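Reader: I am in my first year and still learning to read models like this one. Could you take one single part of it, look at it closely, and then lead me outwards to what lies around it?

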Amino acid sequence: MTNENTILIWGAGAIGGTLGAYLIRAGEDVVLVDIVAPHVEAMNRDGLAIEGPVETFRQPVKALTPDQVTGRYKRIILAVKAHHTRDAVRALKDHLADDGSVLSAQNGLNELVIAEEIGAERTVGCFVNFGADWLEPGRILFGNRAAVAVGEIDGRITERAKDYHRLLSIFEPKAVLTDNIWGYLWGKLGYGALLFVTALTNASMSENLASEKHFPVFRRVGQEVMAIAKARGVSPLGFNGFDPEAFMPGASEEAARRSVADMAEFNRHTAKTHSGIWRDLAVRKRKTEVDAQLAIIADLGDEAGIPTPALRKLVGLIHDLEDGRRELSWSTLDLMLEP
Ligand SMILES: NC(=O)C1=CN([C@@H]2O[C@H](COP(=O)(O)OP(=O)(O)OC[C@H]3O[C@@H](n4cnc5c(N)ncnc54)[C@H](OP(=O)(O)O)[C@@H]3O)[C@@H](O)[C@H]2O)C=CC1
Ligand SMILES: CC(C)(CO)C(=O)C(=O)O
């Protein structure tokens, strides 16, 4: 039987947990699903603690591991890391109603993978830029508010997109319902590529972005991503300091300088000082989303005949860090200055 009202949030870490706590607090019927059993136990036992400068509260929640989920649902919000998307969608597929949909609250082009698995007609796009860190079972830091957008992947404004927008607006009152979700997703790919650069050192995102010496690296990486977006006919959108036009072919150095400085300024005011990428490398000691987020852009560049030497080099350096061949340091970032 289809469960019309309950929303599953599949992946209840930093992003899924924060969204879930807000929706449940507002009275929505939400079940959190996560593969980390101690996290699920802690949430059921003590509630989910949201901490940090935005708001601090402990929310009673219902949480399950994937094997405990029964029934079929109309709305599932997916919030696993990009490289776990396919496995997660395969696991949730049997619990998705025929006329249900999955909303991707992730970084990357996950909508393409989700659509492959469950059909484009059951896939809804979403973009999130707020900052959160999973601290330990049952505890999440909500570091800062930031842009959120939702939209159908074919650009139509549908009733279900309006419904997801209503839900996301509970969490972020400025959430946007868009007919250009790919514009936001490619904007975030550009923003995210710059964050991968900041993850090469132990300094904060804003310290890295403010490094005059490394400005040419940020500009080159941003330019490669935006050139590919343009070649694919996407109109990338800007947010929270990132200005896609500043990295487009022919844009002035001054424009890129302004955008990188604006990103540094935006990230100076968050309690989440480092990106999720850095956190995976330095704190969680695990693989990052580099292949699912960055290598995929470089592959799309190959398809479009656009060279991506800076992106390829960055992917290689992140792999080196993942595999312990290099250390997080300014000298690792200096390697990006070499041709
Ligand atoms: N954190 C942030 O500030 C932001 C993150 N994002 C994006 O949001 C997405 C989610 O990131 P984030 O919340 O930080 O990641 P987290 O690692 O904090 O949360 C993901 C959770 O999903 C769990 N998980 C993994 N595979 C499955 C599965 N098959 N079924 C159920 N649960 C699973 C993870 O377990 P395990 O840890 O064992 O893998 C983890 O508990 C990413 O694409 C990220 O780039 C976007 C904007 C900001
Ligand atoms: C830093 C942030 C929140 C974007 O602002 C992010 O997307 C990440 O941690 O990867």
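Author: Let us start from leucine 135, which is partly exposed because 14 other C-beta atoms lie within 10 Å; a residue is called buried when 20 or more other C-beta atoms lie within 10 Å of its own, exposed when there are 12 or fewer, and partly exposed in between, with C-beta atoms placed from the backbone. Please keep in mind that this is a predicted model, in which local features need pLDDT of at least 70 and side-chain atom pairs count only at pLDDT 80 or more, while totals for chains, interfaces and linings use all residues. Residues are numbered from 1 along each chain as its sequence is written, and chains are lettered from A and ligands numbered from 1 in the order in which they are written.

Leucine 135 is found in strand β9, where strands (E, at least two residues) and helices (H or I, at least four) are DSSP runs numbered from the N terminus. Setting aside the neighbours within four places in sequence, leucine 135 is in contact with Ile140 and Leu141, contact meaning that the C-beta atoms of two residues, placed from the backbone, lie within 7 Å. Valine 283 is 148 residues away from leucine 135 in sequence, yet their C-alpha atoms are 9.9 Å apart in space.

The strand also belongs to a wider picture, for the chain is assigned domain 1 (2-179) and domain 2 (183-337), bounds that come from an automatic or database domain assignment. The C-alpha centres of domain 1 and domain 2 lie 25 Å apart, and the contact takes 21 residues from domain 1 and 17 residues from domain 2. On the side of domain 1 that touches domain 2, the elements giving two or more residues are β8 (123-128), β9 and β10 (139-144). That side of domain 1 divides into nine nonpolar, 10 polar and two charged residues, where Ala, Val, Leu, Ile, Met, Phe, Trp, Tyr, Cys and Pro count as nonpolar, Asp, Glu, Lys and Arg as charged, and the others, Gly among them, as polar.

From β9 (131-136) we can move to ligand 1, since β9, α1 (14-25) and α3 (85-92) each supply at least two residues of the shell around ligand 1. In all, 31 residues surround ligand 1, the closest being Gly11, Gly13, Ile15, Gln106 and Asn107; a residue counts as near a molecule if its C-beta atom, placed from the backbone, lies within 6 Å of it. By class, the shell around ligand 1 has 15 nonpolar, 11 polar and five charged residues, and at least three residues are drawn from each of domain 1 and domain 2.

Ligand 2 has around it Asn107, Asn129, Gly131, Ala146, Leu195, Lys272, Ser275, Gly276 and Ile277. Both domain 1 and domain 2 give residues to the shell around ligand 2, so ligand 2 lies between them.

Finally, consider α1, one of the elements in the shell around ligand 1. Helix α1 is mostly covered, with 11 of its 12 residues buried, including Ala14, Ile15 and Gly16. From its first C-alpha to its last, α1 reaches 17 Å, close to the 16 Å expected at 1.5 Å a residue, the expected span being 1.5 Å times one less than the number of residues. Just after α1, glycine 27 takes a positive phi of about 100°.
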